[in-house]
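Please open the model in your viewer and keep a selection box ready. This tour goes stop by stop.

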Amino acid sequence: MTVLKTYKSPWIICFISLVICCILVYYPILGNDFLTAWDDQWMVMNKYSYCWNADNFWNIVTEFYYGQYSPLNQIMYTILYKIFKETPAAFHATSLFLHISNSLMVFLLITLLPTLFLQVPGTILYAPLTLEL
């Protein structure tokens, strides 16, 4: 990660700017309720969300629910319900955190991709020379 070390302060400024932009754009969701005519009532608040035990965990990772198989989402919803009950702000804040995290990862990927593409051809050309017969 020499790229990160070389350009440390612009990276920090970009990261902070990206986080601030995401928060400014999406902060209104924190005051919203669950949607009643969308998927919140069957995807977020469903029969798996209300109970956290081994049987429920097994059902989450092995069963489809309304044609959906999303165990990581459901485990997150179940943990959030266990801690915050039916508080929409907690669910929305978690979604905001995940969105910010994904935005930062995409930023890193786009920024580091040119460096990786420059290193890969050299590695491909050099690798056969290091093989022992």
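**Stop 1: the cavity.** How many cavities of 30 Å³ or more does a search of the whole structure find? One. Bear in mind that this is a predicted model. The space in the largest cavity comes to about 90 Å³.

Now select the lining. Start with Met43, Asn46 and Tyr48, which are among the residues around the largest cavity. Add Ile60, Glu63, Phe64 and Tyr65, also part of this lining. Finish with Gln68, Tyr69, Ser70, Pro71 and Gln74. Colour the lining by class: seven residues are nonpolar, four are polar and one is charged.

**Stop 2: the nonpolar core.** Clear the selection. Which residues make up the largest nonpolar core? Select Phe34, Val44, Met45, Met76, Tyr77, Leu80, Tyr81 and Phe91, eight residues in all. Helix α5, residues 71-84, gives the largest share of this core, with four residues.

Stay with Leu80, one of the core residues. Hide its neighbours within four places in sequence, then show its contacts. Leu80 touches Lys85, Ala90, Phe91 and Thr94. Of these partners, Phe91 also belongs to the largest nonpolar core.

**Stop 3: Lys85.** Move from Leu80 to its contact Lys85. Where is Lys85 found? Lys85 sits in the loop between α5 and α6, the latter spanning 88-130. Check its backbone: phi is positive, about 55°, although Lys85 is not a glycine. Turn on the surface as well. Lys85 is partly exposed, because its relative accessible area is 47%.

**Stop 4: Tyr66.** Go back along the chain to the loop between α4 (54-62) and α5, where Tyr66 lies. Tyr66 is not a glycine, yet its phi is positive, at about 55°. Is Tyr66 buried or exposed? Its relative accessible area is 62%, so Tyr66 counts as exposed.

**Stop 5: the cysteines.** Select Cys14 first. Cys14 has 34% relative accessibility and therefore counts as partly exposed. Then select Cys51. With a relative accessible area of 33%, Cys51 is partly exposed. How many disulfides does a search of the whole structure find? Zero.

**Last view.** Show two selections together. One is the lining of the largest cavity, including Tyr65, Pro71 and Gln74. The other is the largest nonpolar core, including Met76, Tyr77 and Tyr81. Add Tyr66 in its loop between α4 and α5, and Lys85 in the loop between α5 and α6.

Key. Residues numbered from 1 in each chain as written. Predicted model: local features only at pLDDT ≥ 70, side-chain atom pairs only at ≥ 80, totals over all residues. Heavy atoms only, no water. 1 Å grid on protein atoms, 1.4 Å probe; cavity = no way out; pocket = protein on both sides within 12 Å on 5 of 7 lines; lining within 4 Å. Points joined across faces, edges and corners; volume = space filled by probe spheres on them. Nonpolar A, V, L, I, M, F, W, Y, C, P; charged D, E, K, R; others polar. Core = buried A, V, L, I, M, F, W, Y, C linked by side-chain atoms within 4.5 Å. Buried < 20%, exposed > 50% of the residue type's maximum accessible area, 1.4 Å probe, protein only. Helix = DSSP H or I, 4+ residues; strand = E, 2+ residues; numbered from the N terminus. Contact = heavy atoms within 4.5 Å. Disulfide = S-S within 2.5 Å.
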